[in-house]
Amino acid sequence: MAGLIYNLFLYLVPLLRYGQNCKLLGYDDPLTHIITGNVTTPAPVIAGTPVTSKGDVREHFGKLLHSSVDGKGLLYHPTCPKVHQWVRTAHHKWLTGRDFIRAVHLRHNLLPSGMMLSCLSSAHSKSCPVCVNVPYTVAHILQQCPRSHGARIKRHNAICKYVSETMAKLGFKVEWEPMLRTKEGLLKPDLLASIEECVFIIDIAICSDGVDPDKVYMNKIAKYEPVADTLVDTYSDIKLSAFVVNWRGSIAKRTLKDFEPLVTSKGFSTVSVRTLQYGNYIWDMWNRSTVVSFAEAEVYNR
Ligand SMILES: [Zn+2]
């Protein structure tokens with residue numbers, strides 16, 4: 001990451017010189033023409049392409065960041081810059097200074113996982129100590145590892161609680177995990193929020209950073225479509241939606257669109273921050289736990 005910023009300056013300084021030169025050449029002043037000698041400064045070139053604005057440089061380094069191992073999970077963050085404003089301002093009412101630093105570390109995949117430490121020393125294992133032959137990455141610990149299952153449920157419930165309380169404040173009657181009989185069998189969306197003739201069927205998901213959150217949203221909609229069919233007789237206005245965030249705090253574009261009338265950009269920002277805070281909680285719980293896989297337990301018992 002630091003390497004990317006250093007390279008950014010390498011191109012921004014020549015770009016400033018290029019901009020100043022263009023400005024001087026544009027003046028209709030004979031003295032300025034004598035000083036500059038009407039010689040144009042060439043635009044800096046990145047990867048064979050001349051760049052003429054800060055936007056071009058930002059786009060180039062954005063592509064580099066999103067194709068890197070640690071930066072690929074940030075690909076979906078630019079869809080709503082307002083949600084992630086707290087990173088620039090270093091301020092959010094839910095975050096202490098320590099929490100802010102930890103949230104930024106997690107957001108940029110900078111926690112000391114086995115995969116990261118193995119690059120520094122061969123004494124560190126690349127494999128998860130709980131699962132057999134699974135890479136020891138932050139994504140695995142937060143999203144898949146059985147050792148963090150309980151903490152993962154708490155993160156899901158925290159986001160669910162936030163959405164539920166927001167809807168309740170707006171006058172909705174909210175039911176948690178109602179069991180509904182549909183033509184596809186029993187289905188249990190996370191929330192059912194109703195007000196007069198209108199009902200929201202909402203499922204919450206915290207997905208991996210390697211998948212488009214909008215794709216997860218569409219899968220949730222397809223799964224809970226039969227619930228909407230069963231509620232047709234009770235409600236005239238049925239809205240089927242999913243609240244999808246990835247573990248790095250990026251919110252699905254379709255979720256933002258669905259909840260725009262109900263949740264402010266500060267509210268979305270809070271969801272993003274809470275997801276990161278709970279991500280750190282999962283990481284801490286995983287590191288404090290001594291649970292090992294059955295295969296490993298057998299090795300210890302020999
Ligand atoms: Zn594992």
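Two residues are taken to be in contact if their C-beta atoms, placed from the backbone, lie within 7 Å. The structure is a predicted model, in which local features need pLDDT of at least 70 and side-chain atom pairs count only at pLDDT 80 or more, while totals for chains, interfaces and linings use all residues. Residues are numbered from 1 along each chain as its sequence is written.

In helix α5, which spans residues 97-107 (helices, H or I of at least four residues, and strands, E of at least two, are DSSP runs numbered from the N terminus), Arg102, Ala103, Leu106 and Arg107 are buried, that is, 20 or more other C-beta atoms lie within 10 Å of their own, whereas 12 or fewer make a residue exposed and values in between partly exposed. These buried residues lie on the same side of α5 because they cover an arc of only 135° around the axis, the arc being that of the directions from the helix axis to the C-beta atoms. Gly97, Arg98 and Ile101 are exposed on the other side of α5, and α11 is included in what covers its buried residues. Just after α5, Asn109 takes a positive phi of about 60°.

The largest nonpolar core (a set of buried Ala, Val, Leu, Ile, Met, Phe, Trp, Tyr and Cys residues joined through C-beta atoms within 7 Å) has 45 residues, and Ala193, Ile201, Ile202 and Val244 have the most contacts inside it. Among the elements that give two or more residues to this core are β6 (191-195), β8 (237-246) and α11 (265-288), but β7 gives the most, with seven residues. Leaving aside its neighbours within four places in sequence, Ala193 is in contact with Met167, Phe172, Val174, Val199, Phe200 and Ile202. Apart from this core lies another, of six residues, including Trp86, Val87, Ala103 and Leu276.
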